[in-house]
Amino acid sequence: MERGKYLALVGGGALLGSVSTFFLLRLLQSQKRGVSQCSKNVTADFNGVDGCTIARMKIDRVVNEDLLKDEIVSEQLTRNIQFFGFESQQKVTASYVVVIGLGGVGSHAASMLLRSGIGKLLLVDFDQVSLSSLNRHAVATRADVGISKAQCLEEHFSSIFPECQIVAKVLLYDSSTEEEILSGHPDFVLDCIDNIDTKVALLAACVRRGLKVLSATGAGARADPTRIRIADLRESTNDPLSRAVRHRLRKDYGIEGGIPVVFSLEKPKAKLLPFKGTSGEEENPSDYQIVPGFRVRIIPVLGTIPAIFGQFMASFVVTELAGVHVQTEPVVNFDMDHYHTLHQRLIEHEESLYGTSMEVQVDVEEVMYIVKELWHGRSAREQHVKDVGRGMWRSVNELMLVRWDRTKPASISNLILLKFKEVDEHESRTLEDIKENEPEFHSRVSAVLKRAELDFGL
């Protein structure tokens with residue numbers, strides 16, 4: 001008898017769950033908006049005249065800020081709400097993000113932005129899905145081969161988070177399409193383009209317009225995900241694309257840095273493959289360019305790396321929009337010998353200045369934290385990186401740790417990194433003098449040392 005009641009309860013519960021799931025799916029399907037299809041054989045003028053736009057909602061800056069009041073939306077985003085808090089997730093949901101370049105990097109970035117609840121997305125790419133791109137694309141299937149990448153994402157995204165305002169444009173970014181793509185005051189622009197001319201023009205336009213932009217550098221020919229970083233463009237090393245972009249931005253626009261980029265510290269493991277024409281013989285790649293300046297030769301790509309690049313980008317943007325500050329790992333090219341040298345240099349300086357090293361309260365590992373995490377391998381007086389790669393490796397020869405406040409021990413929260421030539425002046429002044437005459441510097445250093453106190457619970 002008891003067993004019969006138990007089975008009846010289980011069966012009733014399963015039936016109720018099935019019915020509720022059925023009606024929930026019906027409700028979700030009823031909320032999907034109509035999709036205006038873009039022909040699979042789109043012929044678009046890449047100067048932006050006849051580009052195809054696939055839009056489920058009119059593109060404007062207004063985003064539905066009450067989206068989280070919808071029970072289905074709030075349940076779908078419940079883990080994000082638990083992570084960020086309701087108000088911070090609301091900032092994400094009320095945001096408008098533009099993603100330009102929808103290949104291996106851009107498709108994954110856009111996909112996770114959507115799944116994170118971004119309220120409005122503009123997706124831009126002039127290219128089509130190819131069979132060879134399926135090894136790295138976020139959502140494309142064989143059925144999508146031949147259609148535009150923008151349309152492909154729009155169609156798949158509409159079934160994942162239909163409440164998102166999605167506008168997909170089959171366009172090539174250039175000066176003639178800049179206004180169409182960058183107007184509307186987006187909260188963030190993601191540059192996932194692999195062409196130097198277009199990338200440089202986009203980044204310069206974002207700087208000129210005062211738009212927040214995050215750029216992806218070369219993800220091809222790499223295999224080590226542990227060496228992917230986010231840092232200022234000045235600090236990106238071992239990447240030919242970054243090097244070329246830095247040079248062009250500085251030469252053509254006077255832009256030295258200030259643009260965050262995702263890049264890999266890993267040296268490329270392969271080069272561009274030779275281009276072979278229809279005859280099978282090597283030919284001039286430029287003879288086959290549909291769009292001038294765009295690469296025709298192929299670089300080998302392990303699909304996981306561009307996917308991780310895209311995930312990095314999405315995570316960075318979502319946390320920024322939510323107002324959650326994430327301290328990215330600094331790019332510091334020092335090894336343990338360098339940190340031993342800096343530690344020994346500190347001890348010798350303390351003995352020379354104070355007659356003893358008894359008040360040195362840090363070991364080599366803590367010196368590594370101070371130099372790398374707090375001061376990013378450069379003098380506390382340098383706000384922006386000057387030496388990268390081998391230049392940073394050599395710079396250790398002119399750096400040393402000294403006390404910020406001479407009345408306190410040489411502890412983890414009282415040491416700053418300075419160049420030799422800066423040390424004497426610093427130690428001849430009082431903190432009161434620095435605070436009065438250099439309030440910005442005093443405030444910046446105090447904030448960095450405060451972080452050490454918080455990190456170590458001091």
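Reader: What sign does the phi of G457 have, just after helix 16?

Author: Positive: G457 takes a phi of about 60°. Helices here are DSSP runs of H or I with at least four residues, strands are runs of E with at least two, and both are numbered from the N terminus. By that count the chain has 16 helices and 10 strands.

Reader: And where does the model come from?

Author: It's a predicted model, where local features need pLDDT of at least 70, side-chain atom pairs count only at pLDDT 80 or more, and totals for chains, interfaces and linings use all residues. Residues are numbered from 1 along each chain as its sequence is written, and side-chain values use heavy atoms, with hydrogens and water left out.

Reader: What makes T217 buried or exposed?

Author: Buried means under 20% relative accessible area, exposed means over 50%, and partly exposed is in between, using a 1.4 Å probe and protein chains only. T217 has 8%, so it counts as buried. In the whole chain of 458 residues, 48% count as buried.

Reader: Where does T217 lie, and what does it touch?

Author: T217 lies in the loop between strand 6 and strand 7 (228-232). Contact means heavy atoms within 4.5 Å. Leaving aside residues up to four places away in sequence, T217 touches D239, L241, S242, V261, V262, F263 and F309.

Reader: What lies 2.9 Å from a polar atom of the T217 side chain, and what makes that a polar contact?

Author: That's the backbone oxygen of V262. A polar contact is a pair of N or O atoms within 3.5 Å; within protein, one must be able to donate a hydrogen and the other to accept it, and residues adjacent in sequence count only if both atoms are side-chain atoms. The 2.9 Å pair of T217 and V262 fits under that limit.

Reader: How many bridges join strand 5 (residues 188-191) to strand 6, and why do they count as a pair?

Author: Two strands pair if DSSP finds at least two bridges between them. Strand 5 and strand 6 have 3, so they pair, and they run parallel. In strand 6, S215 stands opposite D191.

Reader: What makes the crossover from strand 5 to strand 6 right-handed or left-handed?

Author: The chain goes through helix 8 (residues 196-209), and this β-α-β crossover is right-handed. The test is that, with the strands pointing away from the viewer, the path from the first strand over the helix to the second runs clockwise.

Reader: Which residues are buried on each side of strand 6 (residues 213-216)?

Author: V213 and S215 on one side, L214 and A216 on the other.

Reader: Why is strand 2 (residues 96-100) called largely enclosed?

Author: Because 5 of its 5 residues are buried. Y96, V98 and I100 point one way, V97 and V99 the other. Strand 2 pairs in the parallel sense with strand 3 (residues 120-124) over 5 bridges and with strand 5 over 4.

Reader: How do you know that the buried residues of helix 16 (residues 439-455) line one face?

Author: They are F441, H442, V445, V448, L449 and A452. Seen down the axis they fall within an arc of 135°, so they line one face; the arc is taken from the directions from the helix axis to the C-beta atoms. Turned away from that side are the exposed residues P439, E440 and L454.
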